[in-house]
Structures are given as C-alpha cells and as structure tokens.
Amino acid sequence: MVPTGKISKWLTENGFQHEALEADHLGVEILKVDAQFLIPLSTALYAYGFNYLQCQCGYDPGAGQDLVSMYHLIKVTDFADRPDEVRIKVFVPRENPTVPSVYWIWKSADFQERESYDMYGIVYEGHPNLKRILMPEDWIGWPLRKDYISPEFYELQDAY
C-alpha cells in the first residue's frame, strides 16, 4: 500500500481521479493519471499553485509495455526553502499513444512535447505545432522506443 501524499489527498478531496504511486528517492509524490483526466487535473494543479512545468518527457519502460508521458511540476513561491513538487505519469498504449497537450496551461511544454513526439511517437492533441524537432522530417519510426530497429543506412541530404 502506497501512503497518500498531501497533493494526492487534496486532489481526492476535490474529486480528481488519479492513482498515487510510490514516491521517488527524494520524496516527490508521483501520480498516475488517465489521459482523459490530464487536462482537468493539470488545470487544478495550476490553480493550486503549480505554476512551473520543470520537465515534460516521454519514456519507454520496455517492449510490449505502455509508453509514458511524464510531467514534473513545481510550485514556485517567494521565500520557500524547498518548493512543493509533484510528478504526473500518463501511461498510453504503444499502438495509439495519444495525450492531450498541456501547452495551453504551461507554455514550457512546447518543445518538450515535440521532443517526446519525435523520439517516442506520443501524439499531443491540441499542440499548436506538433512536428519533429530533432530528427529530419522524413525520418521513419521513433528512435528512443526500445523496440525500434535502426535503419542500416540513412542518406544525409545537403550535409555540406
């Protein structure tokens, strides 16, 4: 049984569906959220004071498992010795990895969501400019997925 943290308790009291996961080694709360509840929960956390999206990233825990879109939020306030932090994880299927974009809540999600799309193929619905950011536009596949097979040769066009 995972102990419930203060942020999870607040969300539960206010009717937001989520699952508390085990905190990380620093004690940061980790919450599992279904993609359909990400925007309402994120909006509530923003109103609660989590005004800074420090990191958004994707990761692949292994072939055959769901992909994860992760958000690390911080409550930035004046004179805080240590700011409140929370991490949100959204697990999405490999076949159709779709998550609503949080760009409209935290503008810092712009390039971070594009990178997760480019490397893992997670589609962020509602993102204003979701296109590849690191790989060439014509690249096929998602290079950081654990089941990705690297092409034997890729021609660099206009390299010089």
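Of the 160 residues in the protein, 40% are buried. The model is a predicted one, and its secondary structure amounts to 3 helices and 7 strands. Followed along the sequence, these elements appear in the pattern α-β-β-α-β-β-β-β-α-β. The C-alpha atoms occupy a box of roughly 55 × 35 × 30 Å along the principal axes. Contacts across the sequence are well represented: where the residues in contact are at least 6 apart in sequence, 53% of the contacts join residues at least 24 apart.

The surface comes next. About 9,600 Å² of the protein is exposed, and carbon and sulfur atoms supply 53% of that area. The side chains include 14 positive and 24 negative ones, with the centres of the two sets 4 Å apart.

Turning to the interior, the largest nonpolar core contains 26 residues. The residues with the most contacts inside this core are L45, Y71, L73, I88, V90 and V99. Two or more residues each are given to the core by α1, α2, β4, β5 and α3 (109-120). Strand β5 provides the largest share, 4 residues. As a general background to such an arrangement, nonpolar side chains tend to be buried together in soluble globular proteins.

Helix α1 (6-13) is a convenient place to look at how a helix meets its surroundings. Its buried residues are I7, S8 and L11. Viewed down the axis of α1, these residues fall within an arc of 100°, so they line one face of the helix. T12 and E13, on the other side of α1, are exposed. The buried residues of α1 pack against β1 (19-21), β2 (29-32), α2 and β5. Just after the helix, G15 adopts a positive phi of about 80°.

Helix α2 (residues 38-48) can be described along similar lines. Its buried residues are L38, L41, S42, A44 and L45. Down the axis of α2 they fall within an arc of 160°, so here too the buried residues line one face of the helix. The general geometry is helpful here: an α-helix has 3.6 residues a turn, so residues three or four places apart point the same way. The cover over the buried residues of α2 includes α1, β4 (67-75), β5 (84-92) and β6 (98-100). Just after α2, G49 takes a positive phi of about 125°.

Two residues of α2 show what this packing looks like in detail. L38, which lies in helix α2, is buried, with a relative accessible area of 0%. Leaving out residues up to four places away in sequence, L38 touches V33, Y71, I88, V90, V99, P100 and V102. With that same exclusion, L45 touches I7, L11, F50, L73, V86 and I88. I7 and L11 are among the buried residues of α1, while L73 and I88 are among the core residues with the most contacts inside it.

Strand β5 also holds E85, a residue that counts as partly exposed at 22% relative accessibility. Residues up to four places away in sequence aside, E85 touches I7, V28, E29, F50, H72, L73 and I74. One of these partners, H72, is 13 residues away from E85 in sequence, and the two C-alpha atoms are 7.2 Å apart in space.

Two further sites lie outside the helices and strands. G64 is placed in the loop between β3 (52-59) and β4, and at 71% relative accessibility G64 counts as exposed. The C-alpha atom of G64 is separated by 28 Å from that of V28, 36 residues apart along the chain. Between G64 and the L38 of helix α2, 26 residues apart along the chain, the C-alpha separation is 23 Å. P128, for its part, is found in the segment after β7 (123-125). P128 is partly exposed, with a relative accessible area of 45%. Beyond its neighbours within four places in sequence, P128 is in contact with Y103 and W104. The C-alpha atoms of P128 and Q54 are 74 residues apart along the chain and separated by 20 Å.

Terms used:
Residues are numbered from 1 along each chain as its sequence is written. This is a predicted model: local features need pLDDT of at least 70, side-chain atom pairs count only at pLDDT 80 or more; totals for chains, interfaces and linings use all residues. Side-chain values use heavy atoms; hydrogens and water are left out. Buried means under 20% relative accessible area, exposed over 50%, partly exposed in between (1.4 Å probe, protein chains only). Contact means heavy atoms within 4.5 Å. Accessible areas come from the Shrake-Rupley method with a 1.4 Å probe; for residues, only the protein chains shown count as cover. Lys and Arg count as positive and Asp and Glu as negative; His and the chain ends are not counted. The place of a charge is taken as NZ of Lys, CZ of Arg, CG of Asp or CD of Glu. The arc is that of the directions from the helix axis to the C-beta atoms. A nonpolar core is a set of buried Ala, Val, Leu, Ile, Met, Phe, Trp, Tyr and Cys residues joined through side-chain atoms within 4.5 Å.
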